[in-house]
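Let's take a walk through this one, starting with its cysteines and working outwards. Have the viewer open as you read.

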Amino acid sequence: MAFEFESDNEEQKILILDFGGQYKELIARRIRECGVYSVIMPYDTEIEDIKRMAPAGIVFTGGPNSVNDPSSPFCERQIFDLGIPILGICYGMQVIAHMLGGSVTPCKKSEYGRTACIVDPSSKLFSSLEAEQTVLMSHTDMVSRLPDGFVSIASTSLCPTAAFSCDSRGIYGVQFHPEVENTENGTAMLGNFLFRICKARGDYSMDDYLKRQIRDVKQRVGENKRVLLGLSGGVDSSVCASLLSEAIHERLVCIYIDHGMMRKSETENIRSVFEKKNLNFVYVDAKKRFLESLSGVVDPEEKRKIIGREFVRVFEEEAKKHKNPEFLAQGTIYPDIVESGKNKSAVIKSHHNVGGLPDNLGFEGVIEPLRGLFKDEVRKLGIMLGLPASLVYRQPFPGPGLAVRIIGEITEEKIEILQNADAIFREEVDRLRKKPDQYFAVLTDVRSVGVMGDFRTYDYTVALRAVRTNDFMTCEYVPLSHKLLSRVCARITNEVNGVNRVVYDITGKPPATIEWL
Ligand code: XMP
């Protein structure tokens, strides 16, 4: 598939000025959902740059600071005189109030969570909405005196100015967060800002997003340089590879390291998709090397560390063989950035992402074309790029692969048993209309006595796990029907040599984790 990238409708955009809020990408996403393009820039972007950009509207994000602290972030004063509509969110609203002569003071009581709010439907910002709304509040300061020319257009029981406006100047502020789902009509409010106030067209699509990314990659990489990507076969790295191959074709080198612990048929599927593409797909058979380095290792953390270490070594060797491309590409998506920023807690498991490489590999730059996207948007791009649905909608699979699902020593025999049992379980669950978020088999190290025909067996126990989760930080087990479980049990014990017992894991996280290791 070839993408025309010369003609996009980039000329109309919304500028999001970042005051340090955690939801800036979510704001960008909501604006994208309304069919409008946006760019996120720092709060102190120079006025000349803003003028050159000529956005149709400007959104100030929230942020953790208080405007009464002089060291807090503020934008350039002239921004209010450009005649460009502005919407301030949370701290962004307080910036407007403070800079235009109003007052912001601490609330008597902080307001957090879903809150009932009365809005003025005659305001353009709340046009076609009911007066009673549920919004997400999260603040300790509030606007206590309005700047001249402003009126309050919303209130809650604790906050008399939950939103304000100065229609003649096109300046609006909301104390709550319209970008989050807890603000039930938040997207409609943003839509009112975009279409009624900024007069945006709403003709921007994921297709435009793709074209822009392709063009940006071309520009950044230039005519001669090359890009290296660690392809795991997961959704993110696969979409990243497809996108980059549209941009720079065979100057993309994709390294797929087969550590031998992928699910049944997975490596073949990935090869069949990517070997056809116009890129340098390098299949590295490292099965023997991984197995040898894992030989005799039982401790789960040690297994993870060995796999991580070997992965980086193989990757470095292959990069050298392919004359060390100048750029490294990664399929980082927005939730990865948020999670890694927050992740300062105790190490439960040293997660290893295939493609998760150390910082010091000596590349000229890192390319992350999916950095601003959420998972469902990445999937949309994957389909647009022609990837098969089976790859784009696949459930998450950990970087170390089946190694975290085999208790005790990892051997070739155990991998094969698990691949076969897991394939049966997935095949049966895949028939369900509503699938669990993650479902797989685990090979326990327990062997027990059974009987097959007239013979005694002493074989492995397979555990099945199926969980429902939003964020993979916690989960509940899914109560699969007994009928389904019985069918899976019969098939595994009949079709997989070496298994004579099947159990179902009904533990949530906490106290268990999703993977067994
Ligand atoms: P746990 O077992 O920590 O898993 O509850 C939470 C989610 O993370 C996945 N997982 C991993 N993903 N590298 C990955 O890329 C890893 O080392 C790893 N360990 C667990 C797991 O499959 C689940 O979705």
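## Cysteines without partners

A disulfide here is a pair of cysteine sulfur atoms within 2.5 Å. Keep that cut-off in mind for Cys 90: its closest cysteine sulfur belongs to Cys 107 and sits 9.6 Å away, so the two are too far apart for a bond. Cys 159 has Cys 107 as its closest cysteine too, and because the sulfurs are 6.2 Å apart, there is no bond there either. Searching the whole structure turns up zero disulfides.

Are these two cysteines, Cys 90 and Cys 159, buried or exposed? Cys 90 is buried, with a relative accessible area of 6%, and Cys 159 is buried as well, at 0%.

## The model as a whole

This is a predicted model. The average pLDDT of the protein chain is 92, and 94% of the residues reach at least 70. Two stretches call for caution. Residues 1-9 stay under 50, though the model gives them 23 contacts beyond four places in sequence. Residues 341-345 are also below 50, and this stretch has zero contacts beyond near neighbours in sequence.

The protein chain has 517 residues, and 56% of them are buried. Its secondary structure comes to 14 helices and 18 strands, and the C-alpha trace spans about 90 × 55 × 40 Å along its principal axes. As for contacts between residues at least 6 apart in sequence, 75% link residues at least 24 apart.

## A five-stranded parallel sheet

Look next for the open sheet made of five strands, which runs β12-β11-β10-β13-β14 with parallel pairing. Why do β12 and β14 each have one side without a neighbour in the sheet? They stand at the edges: β12 (280-285) and β14 (365-367) each have a single partner strand, so one side of each is left free of a neighbour in the sheet. From one strand to the next, the twist averages 25°.

At the β14 end, β13 (residues 327-329) pairs with β14 in the parallel sense over three bridges, and Leu 328 stands opposite Val 366 in β14. Helix α6 (residues 235-248) packs on this sheet, where it touches β10 (227-230), β11 (252-258), β13 and β14, and its direction makes about 160° with that of β10. Within α6 you'll find Ser 242, a buried residue with a relative accessible area of 0%. Leaving aside residues up to four places away in sequence, Ser 242 touches Phe 274, Lys 277, Leu 385 and Leu 387.

## Helix α8 and its two faces

Helix α8 (residues 287-294) has Phe 290, Ser 293 and Leu 294 buried. Viewed down the axis of α8, these buried residues fall within an arc of 100°, so they line one face of the helix. What do the buried residues of α8 pack against? They pack against β11 and α9 (300-321). Turned away from that buried side is a face with the exposed residues Lys 288 and Glu 292. Just after α8 comes Gly 296, with a positive phi of about 80°.

## Strand β4, covered on both faces

Strand β4 (residues 86-89) is covered on both faces: Ile 86 and Gly 88 are buried on one side, and Leu 87 and Ile 89 are buried on the other. Its pairing with β3 (residues 57-60) is parallel, through three bridges, with Ile 58 opposite Ile 86. β4 also pairs with β9 (residues 171-174), again in the parallel sense, over four bridges. There, Ile 171 is the bridge partner of Ile 86.

## Backbone oddities

A couple of spots are worth a look at the backbone level. The peptide bond from Lys 509 to Pro 510 is cis, with omega near -10°, and the bond from Pro 510 to Pro 511 is cis too, with omega near 10°. Pro 510 belongs to the segment after β18 (499-504), as does Pro 511.

There are also positive phi values outside glycine. Ser 265 has one of about 65°; it lies in the loop between β11 and α7 (266-274) and is partly exposed, with a relative accessible area of 39%. Lys 323, with phi near 55°, is in the loop between α9 and β13 and is exposed, at 69%.

Conventions
Residues numbered from 1 in each chain as written. Predicted model: local features only at pLDDT ≥ 70, side-chain atom pairs only at ≥ 80, totals over all residues. Heavy atoms only, no water. pLDDT = per-residue confidence, 0-100. Contact = heavy atoms within 4.5 Å. Pairing = 2+ DSSP bridges. Helix = DSSP H or I, 4+ residues; strand = E, 2+ residues; numbered from the N terminus. Axes fitted to C-alpha atoms, helices over the stretch in contact; angles between N-to-C directions. Buried < 20%, exposed > 50% of the residue type's maximum accessible area, 1.4 Å probe, protein only. Arc of directions from axis to C-beta.
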